[in-house]
Amino acid sequence: MDNLVIRGRIEEAEDRYASLCALASPLGPLSEQIDPTTGEFMGNVPQAFSHIGVAARGVTLARAGVGARR
């Protein structure tokens, strides 16, 4: 997503971020892996590395001004 932001494709980055966040369980944790076909969680839950990536991408989008236009 950072690459999309750098390239000015903010809306696409925002859509991908929203899709990623939608994969979280009802309580919010993410799994180590997610089956791309079924969306089923695989591996350890919660997985700190997944949460770090989501938080970092959120910061990138916030710095790009995402949400200001909504």
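Helices here are DSSP runs of H or I with at least four residues, and strands are runs of E with at least two. With that in hand, let's work through a predicted model.

**Exercise 1. Place threonine 60 and describe its surroundings.**

*Step 1.* Find the element. Threonine 60 belongs to helix α3, which covers residues 48-63.

*Step 2.* Decide whether the residue is buried or exposed. The cut-off for buried is under 20% relative accessible area. Threonine 60 has 19% relative accessibility, so it counts as buried.

*Step 3.* Look for partners beyond the neighbours within four places in sequence. Threonine 60 is then in contact with Asp2 and Val5.

**Exercise 2. Describe the overall layout of the protein chain.**

*Step 1.* Count the elements. The chain holds 3 helices and 2 strands, and along the sequence they follow the pattern α-α-β-β-α.

*Step 2.* Take the dimensions. The C-alpha trace spans about 35 × 25 × 20 Å along its principal axes.

*Step 3.* Turn to burial and surface. Of the 70 residues, 19% count as buried. The exposed area is about 4,900 Å², with 56% of it supplied by carbon and sulfur atoms.

*Step 4.* Check the contacts by sequence separation. Among contacts with a separation of 6 or more, 33% join residues 24 or more positions apart.

*Step 5.* Finish with charge. There are 7 positive and 8 negative side chains, and the centres of these two sets lie 10 Å apart.

**Exercise 3. Work out how α3 is oriented in the fold.**

*Step 1.* Test the length. α3 has 16 residues, and the distance from its first C-alpha to its last is 23 Å, close to the 22 Å expected at 1.5 Å a residue.

*Step 2.* List the buried residues of α3: they are Val54, Thr60 and Leu61. These residues sit on the same side of α3, because they cover an arc of only 120° around the axis.

*Step 3.* Recall the helix geometry behind this kind of reasoning. An α-helix has 3.6 residues a turn, so residues three or four places apart point the same way.

*Step 4.* Turn the helix around. Ala48, Phe49, Ile52, Ala62 and Arg63 are exposed on the other side of α3.

*Step 5.* Ask what provides the cover. The cover over the buried residues of α3 includes α1 (2-6) and α2. The contacts of threonine 60 with Asp2 and Val5 fit into this picture.

*Step 6.* Look just past the helix. Glycine 65 comes just after α3 and takes a positive phi of about 85°.

**Exercise 4. Repeat the analysis for α2.**

*Step 1.* Compare the expected and actual spans. The 13 residues of α2 should span 18 Å at 1.5 Å a residue, and the end C-alpha atoms are indeed 18 Å apart.

*Step 2.* Identify the buried residues of α2, namely Ile10, Ala13, Glu14 and Tyr17. Viewed down the axis of α2, these residues fall within an arc of 100°, so they line one face of the helix.

*Step 3.* Check the opposite side, where Glu11 and Ala22 are exposed.

*Step 4.* Find the cover. For the buried residues of α2, it includes α1 and α3.

**Exercise 5. Trace the contacts that link leucine 23, leucine 30 and phenylalanine 41.**

*Step 1.* Start with leucine 23. This residue lies in the loop between α2 (10-22) and β1 (33-34). Its 36% relative accessibility makes it partly exposed.

*Step 2.* List its contacts, leaving aside neighbours within four places in sequence: leucine 23 is in contact with Leu30, Ile34 and Phe41. As a distance check, leucine 23 and glutamate 40 are 17 residues apart in sequence and 9.1 Å apart from C-alpha to C-alpha.

*Step 3.* Move to leucine 30, which is also in the loop between α2 and β1. With a relative accessible area of 6%, leucine 30 is buried. Its C-alpha is 8.3 Å from that of alanine 48, at a sequence separation of 18 residues.

*Step 4.* Continue to phenylalanine 41 in strand β2 (residues 41-42). At 25% relative accessibility, phenylalanine 41 counts as partly exposed.

*Step 5.* Join the pieces. Not counting residues up to four places away in sequence, phenylalanine 41 touches Leu23, Ala24, Ser25, Pro29, Leu30, Ser31, Gln33 and Ile34.

*Step 6.* Add one more distance. Phenylalanine 41 and alanine 56 are 15 residues apart in sequence, with their C-alpha atoms 21 Å apart in space.

Definitions and conventions
Residues numbered from 1 in each chain as written. Predicted model: local features only at pLDDT ≥ 70, side-chain atom pairs only at ≥ 80, totals over all residues. Heavy atoms only, no water. Buried < 20%, exposed > 50% of the residue type's maximum accessible area, 1.4 Å probe, protein only. Contact = heavy atoms within 4.5 Å. Areas by Shrake-Rupley, 256 points an atom, 1.4 Å probe, with all protein chains shown as cover. Lys, Arg positive; Asp, Glu negative; His and termini not counted. Charge placed at Lys NZ, Arg CZ, Asp CG, Glu CD. Expected span 1.5 Å × (residues − 1). Arc of directions from axis to C-beta.
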